[in-house]
Amino acid sequence: MMQTLKQQWFGNIRADILSGIVVALALIPEAIAFSIIAGVDPMVGLYTSFIIAVVISFAGGRPGMISAATGAMALLMVPLVRDYGLDYLLAATILTGIIQLIFGICKVAKVMKFVPNAVMIGFVNALAILIFMAQLEHFIGISTMTYLFVGITLILLYTLPRFIKVIPAPLIAIVALTSIAIFSGVNLNTVGDLGTITQTLPSFFIPNVPWTFETLQIIFPYALSMAIVGLLETLLTSQIVDDMTGTESNKNGEARGQGIANFITGFFGGMAGCAMIGQSVINVKSGGRGRLSTFIAGIFLMFLIIVLGDLVVQIPMPVLVGIMIMVSIGTFDWSSFNYLIKAPRTDAIVMLTTVIIVVYTHDLSKGVLAGVLLSAIFFVIKISTVKISKDGNRYSIHGQLFFASIDGFVDYFKKANIQSKKIQIDFSDSRVWDDSGVGAILKVSELLKSKGIQVELVELDSSSKKIMDKLNGVLSSH
């Protein structure tokens, strides 16, 4: 255990520190932007990103993954902040943490196995598109110099890694181009244009709300939705980082860690947050692998605000836009175009549906939920065909017998011209799954009995026998 922790913290020190610095710089404009979306002061988002990143580095189950304020969570907060104010948001954040902690204890991460690969591909691609779309307002139609700086940033990010491996390319681009912008005096939008940064540390306080059942009724729906969306985005991001790094992570530990982080954040003036795929990709591609990278990202973010706040506000937005565009390019699964051609049509439809709904609603949870439901529907359709073969007086059932497949089973025996007085129905290549299946067997048995035909059920497996015995004490099975 101690050896593992030592490796997670100190097994990749130089790369973790440098990648953490890059992530901290990229976090600032996003944290401010998400605060504006939620309708709160920019410092709320910055405090959120600082506290969650630091806490999750200790409490989380996925080393190297970045958690902070996110757009998906910010969108859910808008009505609560608008109608009740910041203190109710902080109370909801605390409750969100409690719910997530309970989810983690209950091992909710096992639901990840129900998310098909087509949905995962759609999730990643939709997120890449959203990251790119979020940058458009910061450089489209602003100025020629803005386009130039975005272009130079992209060139640097593409070429520098070929020659310089020691320092992450985004960090070099930010320092170099910010210096050029400051000393040349070119007119560019900067981080400071997004909102006012206050050079103070967050302080502990209890949200000023009445701690009553009425307050709970107000904040619980928001807290529950934030807990679910936050965990969904976190678990999907965790899986993506697992695949990128070729390592496994403790998903339930991450769920518990997210709960602890949000619970603490609510007492320090922060809003609920979760894992960020964009920042996590920046971290991994910059060499970050351990808990130290996440910790440094949070600590350096606060260092930037408190000590270097006057410099931070002068970072040109086109440089950060260029970094995020490169992130979106790196995040997008370009092989998915080939996937659309070669994958089964149903999988391709699921992937496209997930992308379209996420991009249209800007809500990751809705797209993933739609994708999972659509996959389930396609799966049910696929296995709902039951075929019956006849060999003398023995009728063999091929396929699963459940609510979606019983019509074909019943119709066959309704139309069958059976001359024998006794038949066997063979379930060696079938299984009875639910009460609808049992009901269909009873219906067929009664139908044939009314025609003077005796029915014997054979080769039922133990699971089918169990449900038959439970739901039908009369019909004997062998």
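Which residues does Phe-50 touch, not counting residues up to four places away in sequence? Keep that question in mind while you orient yourself in this predicted model, and return to it at the last stop.

**The whole chain**

Begin with the whole chain selected and shown as a C-alpha trace, which spans about 100 × 55 × 50 Å along its principal axes. Switching to a cartoon brings up 20 helices and six strands. Of the 478 residues, 53% count as buried, and among the contacts with a separation of 6 or more, 82% are between residues 24 or more positions apart. If you then turn on the surface, the chain exposes about 21,900 Å², of which carbon and sulfur atoms supply 64%. Colouring by charge picks out 32 positive and 29 negative side chains, and the centres of these two sets lie 9 Å apart.

**The four-stranded sheet**

Next, select strands 3, 4, 5 and 6, which make up an open sheet in the order 3-4-5-6 with mixed pairing. Strand 3 (387-391) and strand 6 (454-458) stand at the edges, and because each has a single partner strand, one side of each is left without a neighbour in the sheet. Looking across the sheet, you can follow a twist that averages 25° from one strand to the next.

Zoom in on strand 3 together with strand 4 (residues 394-401): these two run antiparallel and are joined by five bridges. One pair to label is Lys-387 with its bridge partner in strand 4, His-398. The two strands form a hairpin with two residues between them, and in that turn you can select Gly-392, which has a positive phi of about 70°.

Then move to strand 5 (residues 422-432) and strand 6, which run parallel and are likewise joined by five bridges. Here the pair to label is Lys-422 and Gln-454, its bridge partner in strand 6. In general, the strands of a sheet pair through backbone hydrogen bonds, either parallel or antiparallel.

**Phe-50 and its surroundings**

For the last stop, select helix 3 (residues 42-59), where Phe-50 has its place. Is Phe-50 buried or exposed? Its relative accessibility is 14%, and because buried means under 20%, Phe-50 counts as buried. Now display the side chains around Phe-50 to answer the opening question: leaving out residues up to four places away in sequence, Phe-50 touches Pro-202, Gly-298, Ile-299, Leu-301 and Met-302. Finally, draw a distance between the C-alpha atoms of Phe-50 and Thr-265, which are separated by 9.2 Å although these residues lie 215 residues apart along the chain.

Note on methods:
Residues numbered from 1 in each chain as written. Predicted model: local features only at pLDDT ≥ 70, side-chain atom pairs only at ≥ 80, totals over all residues. Heavy atoms only, no water. Buried < 20%, exposed > 50% of the residue type's maximum accessible area, 1.4 Å probe, protein only. Contact = heavy atoms within 4.5 Å. Areas by Shrake-Rupley, 256 points an atom, 1.4 Å probe, with all protein chains shown as cover. Lys, Arg positive; Asp, Glu negative; His and termini not counted. Charge placed at Lys NZ, Arg CZ, Asp CG, Glu CD. Pairing = 2+ DSSP bridges. Axes fitted to C-alpha atoms, helices over the stretch in contact; angles between N-to-C directions.
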